[in-house]
Amino acid sequence: MSSFTEQLRKAADSIWEANFNHPFVKGIGDGTLPLENFRYYVMQDAYYLSHFAKVQALAGGKADDLHVTARMAFHAQGTYEAELSLHEKFSALLGITEEEKRAFEPSPTAYAYTSHMYRSAINGSLGEIIACILPCYWIYYEIGERLKECKPQEPIYQEWIAAYGGEWFKELVFEQLERLDQLALEASEKERQKMVRHFTLSCKYELAFWEMAYTMEQWPDAAAVEGQ
């Protein structure tokens, strides 16, 4: 019998595979993605990760034992130290100024995705929160695995690929997979159904995030709409 996470992965297969086939991801792998798109992505992803870390910490507060609380705090710290520090490096290389950071506004997709995570964190159980944040872990790990043989000429893309293809990240991903499988065994059928919904929606948001960066999504301009 397959595990709960294997069932989740199989059920989300079409949307899952679409992440790897998106031109933004493929453009990183072959180096054809314009840097302006990646620059936009870095700013939006830094915003997303700052809230992802908070949701990881909130998940720790839902745990029944101190070990899981400590591990979720460790994951939140890892998001801050590893991923956000990488974004700080990218920001410097891409010339993102402090003024731009202060004036930053999240895109509709980035705002909606983080709001989705907070909703699961506030209203859901530990299992529901892990199911909600798991696609971010798991999809990025698979991207790192699928692109690790790619040699884009752009050094920034090489470093981004390497960050998600390392052993340190793999260990974090598989820890969460095992945790969710165990939580699913202990959960009611109603709670497992909620886990499935959270996981599936987050998979869709991951795909929407690539599209957001590829199109450099903006909020509707009221003046432009009125002028139509």
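1. In this predicted model, Cys132 has a relative accessibility of 0% and therefore counts as buried. The sulfur of Cys132 lies 10 Å from the closest cysteine sulfur, which belongs to Cys136, and this is too far for a bond, given that a disulfide requires the two sulfur atoms to be within 2.5 Å.

2. Cys136, for its part, takes part in no disulfide, the nearest cysteine sulfur being that of Cys132 at 10 Å. Cys136 is likewise classed as buried, because its relative accessibility is 8%. Under the distance rule, the count of disulfides comes to zero.

3. Cys136 also appears in the contact between two helices, where Leu126, Ile129, Ile133, Cys136, Tyr137 and Tyr140 of α8 meet Tyr41, Asp45, Tyr48, Phe52, Val55, Gln56 and Ala59 of α4. By residue class, this contact of α4 with α8 comprises 11 nonpolar residues, one polar and one charged.

4. As for the geometry of that pair, helix α4 spans residues 35-61 and helix α8 spans residues 126-147, and the two pack at an angle of about 145° with their axes 11 Å apart. The crossing in which α4 passes α8 is left-handed.

5. At the level of the chain, an unreviewed UniProt entry carries the annotation "domain: Thiaminase-2/PQQC" for residues 10-215. Over residues 10-215 the model is 84% helix and 0% strand, and the C-alpha atoms at the ends of this stretch are 29 Å apart.

Terms used
Residues numbered from 1 in each chain as written. Predicted model: local features only at pLDDT ≥ 70, side-chain atom pairs only at ≥ 80, totals over all residues. Heavy atoms only, no water. Axes fitted to C-alpha atoms, helices over the stretch in contact; angles between N-to-C directions. Helix = DSSP H or I, 4+ residues; strand = E, 2+ residues; numbered from the N terminus. Left-handed = near helix turned anticlockwise from the far one by under 90°. Contact = heavy atoms within 4.5 Å. Nonpolar A, V, L, I, M, F, W, Y, C, P; charged D, E, K, R; others polar. UniProt positions renumbered as here; feature names shortened; annotations may be inferred. Buried < 20%, exposed > 50% of the residue type's maximum accessible area, 1.4 Å probe, protein only.
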